[in-house]
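Welcome! Here is a short tour for anyone opening this structure for the first time. Keep the view at hand and follow along topic by topic.

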Amino acid sequence: MIRYMMSKILANRANWAWPYAIILTIFVIMPLVMIVYYSFQDAEGQWSLHNFHKFFLSTDSVNTLIYSIGIAMITTILCILLGYPAAYFMAKTEYRLPKVMASLFILPMWINVLLRTLATVALFDFAHLPLGEGALVFGMVYNFLPFMVYPIYNTMLKMDGSLIEAAQDLGASPRKVFTEVFLPLSMPGVYSGIVMVFMPTISTFALAELLTMNNVKLFGTLIQENINAGLLGYGAALSLIVLILIGLTSFFDSEE
Amino acid sequence: MKKVFANAYIWILMLLLYAPILLILVFSFTEAKVLGTWTGFSTNLYRNLLMGEAGEALNNAIYNTVLIALVAAAVSTILGTFAAIGIHNMRHGRVRQAITFTNNIPMINPDIITGISIFLLFVFLGIGRGLFCVICAHIAFCTPYVVLNVMPQLMKMNPNLYEAALDLGATPMQALRKVIIPELKSGMISGFILAITLSVDDFAVTLFTKGSGTVETLSTYIYADARKGGLTPELRPLFSIIFLVILVLLVFYNLKTAKQTSNN
């Protein structure tokens, strides 16, 4: 009987997604509900807006958020400026770059991110450069560049070449072809890149710690410190703020 | 001229990206405790590492990293493949939309949020953190990538193959094993490899889900080490070996696919 029912259920292949749907509910949706739940609880376990009050009344916390957004913007812009040409040169066959090049951009990811960062710190020491904001931005760009190059590169590869040819045939100058056809068509890749770089940068903590000798605090540092200190409600509230910002940026992504 | 510029640009960028890695490679051949000091050529660090004399803590961290990555990647690949087949066969409706939307969340969420949210769930349920919690969290953030890798393969597959197998008398399980899985194999393999990569590279999620116990992975071990101010020197040969193995695999794979495309 059970065997018969099982085979009936399995015969409809749409049902094969259910185990994963359950896992998603337990390990993705429930945890997010927990962030909301804890952020509206005060230390005594009562419902309150206490954590959000605390955040907006603390100039330090608000400043850390604004500062992190600033650093994240600089990192994202530098990643676009460096990554877009790189993706362009690799995607266009006329430059004859070997195909393995794109994979070489992600290969460093196989060296542990913290070890790579510590090596960057050693490089800065070698060159007698001071650790601090400059090193932080360098380390962030270094770490997140592949996440910008890859989506742009993929979008460019999938691009419909006939549209570009059509523009050329209709007499557009190379500059016009680029600005009017190629660039707009590659923008979805740039948007994905922004989503992949911007938010992770804001919520970084270990990189900032290592690259600035713990002198610069990012929003991620603030979250980590509060969670470590056992202030779960406040940590959850700060996480919820990050989630809201993600909602806003991915809305910007899906607009396209 | 343009070609020279493009090549120069890419190579300079590569040099910058690889500079810290070259540093690790070079300094894996000297014994100095501090990264960046040269005390003469020596292969002692390699010997220590391979003979298991780099310290109990490092050996444990290596063991845990491998264990977590293999279990999480295996479970994610099975779970994700079934999920992809399920989603592919669903009607376009709310349920399908909800699953694909939720599938995207772990990919968009920064690691720290994924880690803290799962940590809060375990606190709420009163379950202690540790190896189990870490593996669950890794499965949660790896599976979406498997789904994403298997989906395109399903789109390419002839939808009648499965029905044909059933008509010819195969049970659904036989049809799965003999017809569907072989068609999805390349997507499953790339999903599995990606899952291992993400799991090994992960730091923030593991940090929040491992609890205060003794479960350390390489990432958390390095973090703890760096905070103490010193870095176990044997980490240099360890990651040099990992890097070179992956590099060789990558070049080999590229040569193979290049050969295949030129043969076609």
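A good place to start is helix 5 of chain B: 12 of its 15 residues are buried, so the rest of the structure largely encloses this helix. Please keep in mind that what you see is a predicted model. From helix 5 the tour widens to chain B as a whole, then to its contact with chain A, and ends with a few single residues.

**Helix 5 of chain B**

- The buried residues of helix 5 of chain B are B:Asp111, B:Ile112, B:Ile113, B:Thr114, B:Gly115, B:Ile116, B:Ser117, B:Ile118, B:Phe119, B:Leu120, B:Leu121 and B:Phe122.
- How far apart are the end C-alpha atoms of helix 5 of chain B? They are 21 Å apart, and this agrees with the 21 Å that its 15 residues should span at 1.5 Å a residue.
- Just after helix 5 of chain B comes B:Gly126, with a positive phi near 75°.

**Chain B as a whole**

- Chain B contains 11 helices and zero strands, so reading from the N terminus on you meet α elements in the order α-α-α-α-α-α-α-α-α-α-α.- Its C-alpha atoms fill a box of roughly 70 × 60 × 40 Å, taken along the principal axes of chain B.
- Of the 264 residues in chain B, 41% count as buried.
- Take the contacts in chain B between residues at least 6 apart in sequence: 75% of these join residues at least 24 apart.

**Two domains in chain B**

- The domain assignment of chain B gives domain 1 (1-55 + 232-258) and domain 2 (57-231).
- Between the C-alpha centres of domain 1 and domain 2 of chain B there are 28 Å.
- Where these two domains of chain B touch, domain 1 supplies eight residues and domain 2 supplies seven residues.
- On the side of domain 1 of chain B that touches domain 2, you will find three nonpolar, three polar and two charged residues.

**Where chain B meets chain A**

- The contact between the chains takes in 63 residues of chain B and 72 residues of chain A.
- Several helices of chain B give two or more residues to this side, among them helix 3 (56-88), helix 6 (131-156) and helix 10 (218-228).
- Which helix of chain B gives the most to the side that touches chain A? Helix 1 of chain B does, with 14 residues.
- By class, the side of chain B that touches chain A has 49 nonpolar, 12 polar and two charged residues.

**A pair of crossing helices**

- Two packed helices are described by the angle between their axes and the distance between the axes.
- For helix 3 and helix 8 of chain B, the axes come within 8 Å and cross at roughly 140°.
- The crossing of helix 3 and helix 8 of chain B is right-handed.
- Residues making this contact include B:Ala69, B:Ala73 and B:Gly80 from helix 3 of chain B, and B:Leu184, B:Gly191 and B:Phe192 from helix 8 of chain B.
- The residues of the contact between helix 3 and helix 8 of chain B divide into 12 nonpolar, seven polar and no charged.

**Two residues to find in chain B**

- B:Phe27 sits in the loop between helix 1 and helix 2 (44-50) of chain B.
- Is B:Phe27 buried or exposed? B:Phe27 counts as buried because 23 C-beta neighbours lie inside 10 Å, and the cut-off for buried is 20 or more.
- Leaving aside neighbours within four places in sequence, B:Phe27 is in contact with B:Leu35, B:Gly36 and B:Arg236.
- From B:Phe27 to B:Val215 the separation is 188 residues in sequence and 28 Å in space, C-alpha to C-alpha.
- B:Leu161 belongs to helix 7 (residues 160-167) of chain B, and with 14 C-beta neighbours inside 10 Å, B:Leu161 counts as partly exposed.
- The C-alpha atoms of B:Leu161 and B:Met107 are separated by 32 Å, and the two residues are 54 residues apart along the chain.

**A loop to look at in chain A**

- Most residues other than glycine have a negative phi.
- A:Met213 has a positive phi, near 50°, and lies in the loop between helix 10 (206-211) and helix 11 (219-228) of chain A.
- A:Asn214 is found in the loop between helix 10 and helix 11 of chain A, and its phi is positive as well, near 65°.
- Why does A:Met213 count as exposed? A:Met213 has 12 C-beta neighbours inside 10 Å, and a residue is exposed with 12 or fewer.
- A:Asn214, with 12 C-beta neighbours inside 10 Å, counts as exposed.

Key:
Residues are numbered from 1 along each chain as its sequence is written. Chains are lettered from A and ligands numbered from 1 in the order in which they are written. This is a predicted model: local features need pLDDT of at least 70, side-chain atom pairs count only at pLDDT 80 or more; totals for chains, interfaces and linings use all residues. Helices (H or I, at least four residues) and strands (E, at least two) are DSSP runs, numbered from the N terminus. Ala, Val, Leu, Ile, Met, Phe, Trp, Tyr, Cys and Pro count as nonpolar, Asp, Glu, Lys and Arg as charged, and the others, Gly among them, as polar. Axes are lines fitted to C-alpha atoms, for helices over the stretch in contact, and angles run from 0 to 180 degrees between N-to-C directions. A crossing is left-handed if the near helix is turned anticlockwise from the far one by less than a right angle, and right-handed if clockwise. Domain bounds come from an automatic or database domain assignment. The expected span of a helix is 1.5 Å times one less than its number of residues.
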